[in-house]
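Subject: Structure handover

Hello,

Please find the structure below, with notes on what was found in it. The notes start with the two chains together and then go through each chain in turn.

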Amino acid sequence: MSVRIGVDIGGTFTDAALEHPGGLATTKVLTDYAEPEAAILKAIRIVCEEAGVAFDDVTQIIHGTTLVTNALIERRGARTAFITTEGFRDVIEMRSENRFEQYDLNLVLPAPLVPREDRLVARERVAANGDVLLELSDADIARLVEAVRDGGYEAVAVGFMHAYANPDHERRMGAALIEALPGVSVSLSSVVSPQMRELPRFNTVIANAYVQPRVADYLGRLTARLAETGISAPVFLFHSGGGLISVETAAQQPVRLLESGPAGGAIFAAGYAQAHGVEKALSFDMGGTTAKICMVEGGAPKSANTFEIARTYRFKKGSGMTVSTPVVEMVEIGAGGGSIASVDALGRIQVGPKSAGSEPGPACYQRGGDAPTVTDANLTLGRLDPDGFAGGKIPLDPDASLAVIDRDLSVPLGVDGTEAAFGVTEMVDENMANAARVHTVEHGRDIEHFTMIAFGGGAPLHASRLCEKLGIKRLIVPPGAGVGSAIGFLRAPFSYEATRGFYQRLDAFDVAAVNAVLTELRAEALAFVSEGAGDAAVEERLTVFMRYVGQGWEIPVVLESASLEAGAPEDLRARFEAAYQELFGRIIEGLEVEATNWAVNVSTQVADVKRVDAPAGLSPVGDSETRSIFDAGLRARVDAVEVRRDDLSAGMAVSGPAVITENETSTIIAASYAAVMQADGALLISRKESAA
Amino acid sequence: MSPSSIDYQIMWNRLIAVVEEQATTLIRTAFSTSVREAGDLSAGLFDRQARMIAQAVTGTPGHVNAMAESVGHFVAEIGAQSIFEGDVYITNDPWKGTGHLHDITMVTPVFRKGVHIGFFAGTAHVVDIGGRGFGPDAGEVFEEGLLIPISKFAEQGQVNDFLLKIVRENVRTPDQTVGDMFSLAACNDAGNRRLQAMLDEFDVDDIDGLSEFILEASRRATRAAIARVPDGRFDNTMQVDGYDAPVRMQVRLEIEGDRIVADFDGTSGMSAFGVNVPEVYTRAYACYALKCAIAPEVPNNAGSLEPFEITAPEGCILAAKRPAPVSVRHVLGHLVPDVVLGALHAALPDTVPAEGASALWNIQISARASDPESGLPSAEVLMFNSGGTGARPTLDGLSATAFPSGVSTMSVEATEHVGPIVVWRKDLREGSGGAGARRGGLGQIIEIEARDGYDFYFNAMFDRVDHPARGRNGGRTGAPGGVELASGEKLRSKGRQLVRNGERLRLSLPGGGGYGPPEDRERKRVEDDLRAGLISAQDAKEIYGFDD
């Protein structure tokens, strides 16, 4: 019997999902910051009881967490030294030398994770092609080891120039540190992120070193506590690239766990995309503070090899820290149920990114929140049931919402409360729609051809309006949407992506040299995968990052095999041009093409998701209550059908305007859409023909 | 149903996304390094009356605000009766575009149901435009390359092949320069598609009402902000290095009620070299500076730009006349905000920063085989680098950060793949921030050497070597810039020079000025700076009186 549990530690809640042959049990408990493993054990206990499963029946635990991201945001990490090439001590402080906000004279740049006095320099230099220009001497190594010892550091990151091309100096430095200082955690950029471009590579190795001791310690405690409790099942970690790695790998390379929770959500959405035969899906996850959007094509979330964490300035691009590690590519914007609305100096409604979070929360929670939030606006517009929120556990006060909306918005705008509340939801929907549109445009896609998959507490409230704005015709709201990430963990393969910066022009392409690199990458990735998966069958994927010579952006070109044939340069050029054409609508004649970074992904195969057939026949839902809600498309209050999601069975149809309620959230069906309950419990919401 | 205020707000918000998409399309398809890597571009939507109503927040102020004026010139020259659906217009006229020949501005009229309703415009810095290449050495604009007068790049969908042929035959990089023109046209198209979808959604057929709403709200907010600045006349003078002779920049601000006028009367005359600045570019940066200090939260559009009246006497170096050379107009252009903010300081104490390095230290490196017979290929490498910004009233200056320009630097590792050079050093220049209660931002030190078999030329166009950034309110000046070989041999801060194999070029970028007297700096901050090595023990002791 296979009994697997996915556990996701989020900022507010720790979620668990247990899957056993009889079905699925899920729960949410509050995250325990001091002792995260305690909340995990509590959640596991609850789902095991609910499913009637004994601890020793559990066969596998899969764990994802935002703890790593939070440690970086909150600067709770180890006392870390950074050893780098002389002349490059300030790369992480100088950043890109620009200002991410043009008009703010009082702009503050985020402080580097490792302050200047803890950044030490080695006299060494490797050239772009890997040649050694300045040999790293043993004396210098010894001097640096002493400096680390004297400084009392818990962790050391080593990042030398062009170490992706020749890691020898980093390895010698690392070996000396490990030998002399066994208690100190050592991270090398050539191991953690061997890709060209010093700023993201240095950021990545520093982030890794900074969180490594705490994460290793936490994972150690977790496995020990599980064992004490009688759970002997192996634990695996869900990484930000959307796959599983061993506890040991995670403890060594915790930077791979960044964003693992949200990535789980994307995998969750991908499962529903496959089950419903959706080729192009857009996952939309909206919580209390942020919304995340991810493209899922051919059943797989879009991936990337760099992303920006810990943005410090209104979620503005450039205000965080760019790291390079394989990730599910997502756009995140400061839009959630708790986002606060205000009127600016120009008389415009602004929503977010400041959020009331869950404490004090929206005004309607009556826990001290005194600013109008998106949730207050939704309540004012009738989209939330004041008595049924969170299964009735949190009574909502519409008068409190209206009072703050009137005070902060209606009065300055000179409109009534409904119009102001509409302005708030419309503005937040607009912000999310714009972010989604830009994201698909950046990938050369038309958003109209996508199906949206909405989950997370806030998404079902906003999704149909978003679809209306974006011209999206189909929307899926899966069941269990509140614990989507934890369920997503259960759908993931074992996988590892090994990357390397290796510069090659196609007109001077050395197939043998490239294959030698690829062989190493494959072996490296396979070794990590085997730690969890033994000798299970695997598949591999090669991503080559290419551009025209002289350009600054690489675009990813994906191949099914990580070993190249003699005709590779021609083949790569053809694939590059096809990808370029798709993204930019044209190719450029007469220019050479070059490859910069290479990534080999090895993963186990996951069982095909079972296709969910459309219900045999449709039956209208019977007599139900109605509720007055504001329909944004019609720009008017309408009587909406109100049904409980639990009361719907496969094939039952609900025509918008409608509200489908469940304990964790409500799904709003706009007047121009209609929903049909599917056999797997998902709501399929489609644009009405007449409106199309 | 006519749109309500909320509808207009939503559409305004959408327009920002529309022009962002326009800019994104350009950034991702352009060839020019400065566009792609450094954001040297602009994109915007204009109404039928050629008033800019939305602009992408990417881009540099010099481009953006200059482009805002340019569409008016297009309308005047093309003539309303000759504007057809499917047209695309082009120019790189420095006086009608954005200040030098390397910037190409393209304008696409927007039609809806056969009626002309507005324009999209985009500007990008192209790799090459012929002539002498990018540099200050021309004596007249004619030598700086091809000038494309305002003309139709395409008429009713038909691209002007004659124009393309002329361009192709007159530039060194025909594929890339012409490619960038098509990128500009494509980015305008991308914006147009999205605008049309928005108009469909809101069921309106023109943008006149929306334009009035945006411009009126922006104008009102800007005027209200100006009205809060005390009335008066405020003068400031600043001396900078210039090219062949020092340049005096002088400005008078006259503030009365909700009007503000900046007049550069008294500024030095034109240079014989290409550092002259067309007035449009001066206006762009002067306006940017005033806006940052007075009304930073108001979006950039014709309504928010209009209240700032900026003028410079024709024939001064900040309002160069044809046919003056203007290729590197950005160097003095970048210094304009310092002189303007200095004048504003008298009106708005505790708001504006001290002077900074301000002008970028861009290095164009031409690597050449030491032995021409060796057959080693030549290579061109471009680097953008910034010194320190001036200290702010309550905050230290930003080290090695561009201001007022909005550009970014490039990765050294990537740069070393472009050409046969080694950058031995690119780190903060210790002790270069002007001392003060708030310290100026530090400059940086860059050391570059050619790899085996190569020498390299570099084109120096560096300011603040003889005239460092001044402090404010008792703050000290930032360290002046320096250009030398690592051996200590001094080099000129202007002009093309050779660095032979085995020698290292060392650039010491200027620091920003300090703010307030150094003795007012909190002990903790001095201690922190000392520990981080941002100041020397000697400076800590002698300037800050820190003696343990």
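Two residues are in contact if their C-beta atoms, placed from the backbone, lie within 7 Å. By that rule, the contact between the chains takes 61 residues from chain B and 57 residues from chain A. Please keep in mind that this is a predicted model.

The interface

On the side of chain B that touches chain A, helix H1(B) gives the most, with 12 residues. Sorted by class, that side of chain B has 27 nonpolar, 17 polar and 17 charged residues.

Chain B: helix H1 and its partner

Helix H1 of chain B covers residues 5-29. Its 25 residues should span 36 Å at 1.5 Å a residue, and the end C-alpha atoms of H1(B) are indeed 36 Å apart, so the two values agree. Is H1(B) mostly covered or mostly open? It is mostly covered, since 20 of its 25 residues are buried. A residue counts as buried here if 20 or more other C-beta atoms lie within 10 Å of its own.

Within chain B, H1 packs against helix H5 (residues 174-202) at an angle of about 155°, and the two axes are 8 Å apart. Angles over 145 degrees count as roughly antiparallel, and H1(B) and H5(B) are therefore roughly antiparallel to each other. Their crossing is right-handed. From H1(B), the residues that make this contact include B:Asp7, B:Met11, B:Arg14, B:Val18 and B:Leu26. From H5(B), they include B:Leu184, B:Cys187, B:Arg194, B:Met198 and B:Phe202. Taken by class, the contact of H1(B) with H5(B) has 11 nonpolar, 6 polar and 4 charged residues.

Chain B: helices H3 and H7

A second helix pair in chain B is formed by H3 (residues 61-78) and H7 (residues 279-294). What are the angle and the distance between their axes? The axes come within 8 Å and cross at roughly 115°. H3(B) passes H7(B) in a right-handed crossing. The H3(B) side of the contact is made by B:Pro61, B:Gly62, B:Asn65, B:Ala66 and B:Glu69. On the H7(B) side, the residues include three tyrosines, B:Tyr281, B:Tyr285 and B:Tyr288, along with B:Cys287. The classes in the contact of H3(B) with H7(B) are 8 nonpolar, 2 polar and 2 charged residues.

Chain A: helices H4 and H5

In chain A, helix H4 (residues 138-151) and helix H5 (residues 168-180) have axes that come within 10 Å and cross at roughly 45°. H4(A) and H5(A) are therefore oblique to each other. This crossing is right-handed. H4(A) brings A:Ile141, A:Leu144, A:Val145, A:Val148 and A:Arg149, which meet A:Arg172, A:Met173, A:Ala176, A:Leu177 and A:Ala180 of H5(A). These residues divide into 8 nonpolar, no polar and 2 charged.

Chain A: backbone details

Where are cis peptide bonds found? One joins A:Gly352 and A:Pro353, with omega at about 0°. A:Pro353 is placed in strand S22 (residues 349-355) of chain A. Another runs from A:Gly656 to A:Pro657, where omega is near 0°. A:Pro657 lies in the loop between strand S32 (652-655) and strand S33 (658-661) of chain A.

A positive phi is also found in residues other than glycine. A:Ala310 has a phi near 55° and sits in the loop between strand S17 (307-309) and strand S18 (321-323). A:Ala310 is partly exposed, with 18 other C-beta atoms within 10 Å. For A:Arg635, phi is about 65°, and the residue is in the loop between strand S30 (625-631) and strand S31 (636-644). A:Arg635 has 14 C-beta neighbours inside 10 Å and counts as partly exposed.

Chain A: Asp344

A:Asp344 is found in the loop between strand S21 (339-343) and S22 of chain A. With 13 other C-beta atoms within 10 Å, A:Asp344 is partly exposed. Leaving aside neighbours within four places in sequence, which residues is A:Asp344 in contact with? They are A:Gln350 and, from chain B, B:Glu297. The C-alpha atoms of A:Asp344 and A:Leu409 are separated by 10.0 Å, and the two residues are 65 residues apart along the chain.

Regards

Key. Residues are numbered from 1 along each chain as its sequence is written. Chains are lettered from A and ligands numbered from 1 in the order in which they are written. This is a predicted model: local features need pLDDT of at least 70, side-chain atom pairs count only at pLDDT 80 or more; totals for chains, interfaces and linings use all residues. Axes are lines fitted to C-alpha atoms, for helices over the stretch in contact, and angles run from 0 to 180 degrees between N-to-C directions. Helices (H or I, at least four residues) and strands (E, at least two) are DSSP runs, numbered from the N terminus. Angles under 35 degrees count as roughly parallel, over 145 as roughly antiparallel, 65 to 115 as roughly perpendicular and the rest as oblique. A crossing is left-handed if the near helix is turned anticlockwise from the far one by less than a right angle, and right-handed if clockwise. Ala, Val, Leu, Ile, Met, Phe, Trp, Tyr, Cys and Pro count as nonpolar, Asp, Glu, Lys and Arg as charged, and the others, Gly among them, as polar. The expected span of a helix is 1.5 Å times one less than its number of residues. A residue is buried if 20 or more other C-beta atoms lie within 10 Å of its own, exposed if 12 or fewer, and partly exposed in between; C-beta atoms are placed from the backbone.
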